[in-house]
Amino acid sequence: MREDPRFRLPIMFVGALLLQTTLLARLRILGVMPDFMLLLAVAGGITAGATRGATIGFASGMLIDLFLPTPLGLSALVFTLVGYGVGVANTGVLRSAWYIPVLTAGGASVAGVTLYALIGSMLGERMVNGHLVTIALVVGLSNAVLAPVAVKFVDWSLGSLRSGPRIPV
């Protein structure tokens with residue numbers, strides 16, 4: 001029963017949402033807040049592949065969308081694409097080096113923030129501006145730093161649903 005992901009996944013999502021909306025909401029680096037919910041999607045793709053990464057991305061995106069003034073589903077769409085993309089990109093990558101998940105998290109987070117702003121702008125939100133580069137870099141760097149924690153958190157929560165060997169982070 002303790003290994004059952006049906007119990008661990010809700011704990012992961014609620015824990016990540018609480019972390020994002022309480023502690024990280026107060027932490028600002030150059031006026032930018034780290035995005036742990038996006039990092040969950042990235043960690044899902046790293047840990048469990050494209051399908052599970054997309055599923056985790058959708059769930060974490062929908063949860064954080066409930067707290068944002070942007071169109072409902074925007075984060076879910078972007079996080080789904082990011083989780084899937086990371087899962088596809090990691091399919092042929094050897095994961096023996098500790099820095100691979102860190103670099104992947106940083107790069108995918110920069111791409112996710114940029115994609116979020118581009119899709120949001122297409123939906124009528126004014127998100128593409130001079131501050132976008134700063135936002136993308138701060139989120140990318142902060143998510144790279146938090147990546148080992150997020151990968152272990154997602155790996156723990158998936159338990160038997162994880163695909164492939166354990167990731168050494």
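1. Let me start in the middle of the fold: the buried residues of helix 3 pack against helix 2 and helix 4 (99–122). Here buried means under 20% relative accessible area, exposed over 50% and partly exposed in between, with a 1.4 Å probe and protein chains only. The buried set in helix 3 is Leu74, Ser75, Ala76, Val78, Phe79, Val82, Gly83, Val86 and Gly87. Helix 3 covers residues 74–89, 16 residues in total, and its first and last C-alpha atoms are 23 Å apart, close to the 22 Å expected at 1.5 Å a residue. That expected span is 1.5 Å times one less than the number of residues in the helix.

2. A word on the basis: this is a predicted model, in which local features need pLDDT of at least 70 and side-chain atom pairs count only at pLDDT 80 or more, while totals for chains, interfaces and linings use all residues. Residues are numbered from 1 along each chain as its sequence is written, and side-chain values use heavy atoms, with hydrogens and water left out.

3. Now the overall picture. The protein chain has five helices and zero strands, running α-α-α-α-α from the N terminus. Helices (H or I, at least four residues) and strands (E, at least two) are DSSP runs, numbered from the N terminus. Of its 169 residues, 47% count as buried. Among contacts with a separation of 6 or more, 68% join residues 24 or more positions apart; contact means heavy atoms within 4.5 Å. The accessible surface is about 8,600 Å², and carbon and sulfur atoms hold 72% of that surface, by the Shrake-Rupley method with a 1.4 Å probe; for residues, only the protein chains shown count as cover.

4. Do have a look at Asp35, in the loop between helix 1 (5–26) and helix 2 (36–65). Asp35 is buried yet has no salt bridge, and the nearest side chain of opposite charge, Arg28, is 11 Å away. A salt bridge here is a side-chain nitrogen of Lys or Arg within 4 Å of a carboxyl oxygen of Asp or Glu; for charge, Lys and Arg count as positive and Asp and Glu as negative, with His and the chain ends not counted. A polar atom of the Asp35 side chain does lie 3.4 Å from the backbone nitrogen of Met37. Beyond its neighbours within four places in sequence, Asp35 is in contact with Gln20, Phe79, Val139 and Asn143.

5. Ser109, in helix 4, is worth viewing next. Ser109 counts as buried because its relative accessible area is 0%. Leaving aside neighbours within four places in sequence, its contacts are Leu38, Val42, Val139, Gly140 and Asn143. Ser109 and Phe36 are 73 residues apart along the chain, with 9.8 Å between their C-alpha atoms.

6. Which backbone oxygen does the side chain of Thr47 reach? The partner is the backbone oxygen of Ala43, at 2.8 Å. Thr47 belongs to helix 2 and is buried, because its relative accessibility is 1%. Val154 is 107 residues away in sequence, but 7.1 Å from Thr47, C-alpha to C-alpha.

7. Arg8, in helix 1, is buried because its relative accessibility is 11%. Its side chain reaches the backbone oxygen of Trp156 at 2.7 Å.

8. Finally, a backbone detail to check: Leu30, in the loop between helix 1 and helix 2, has a phi near 55°, a positive value in a residue other than glycine. Most residues other than glycine have a negative phi. Leu30 is exposed, with a relative accessible area of 67%.

Methods: A polar contact is a pair of N or O atoms within 3.5 Å; within protein, one must be able to donate a hydrogen and the other to accept it, and residues adjacent in sequence count only if both atoms are side-chain atoms.
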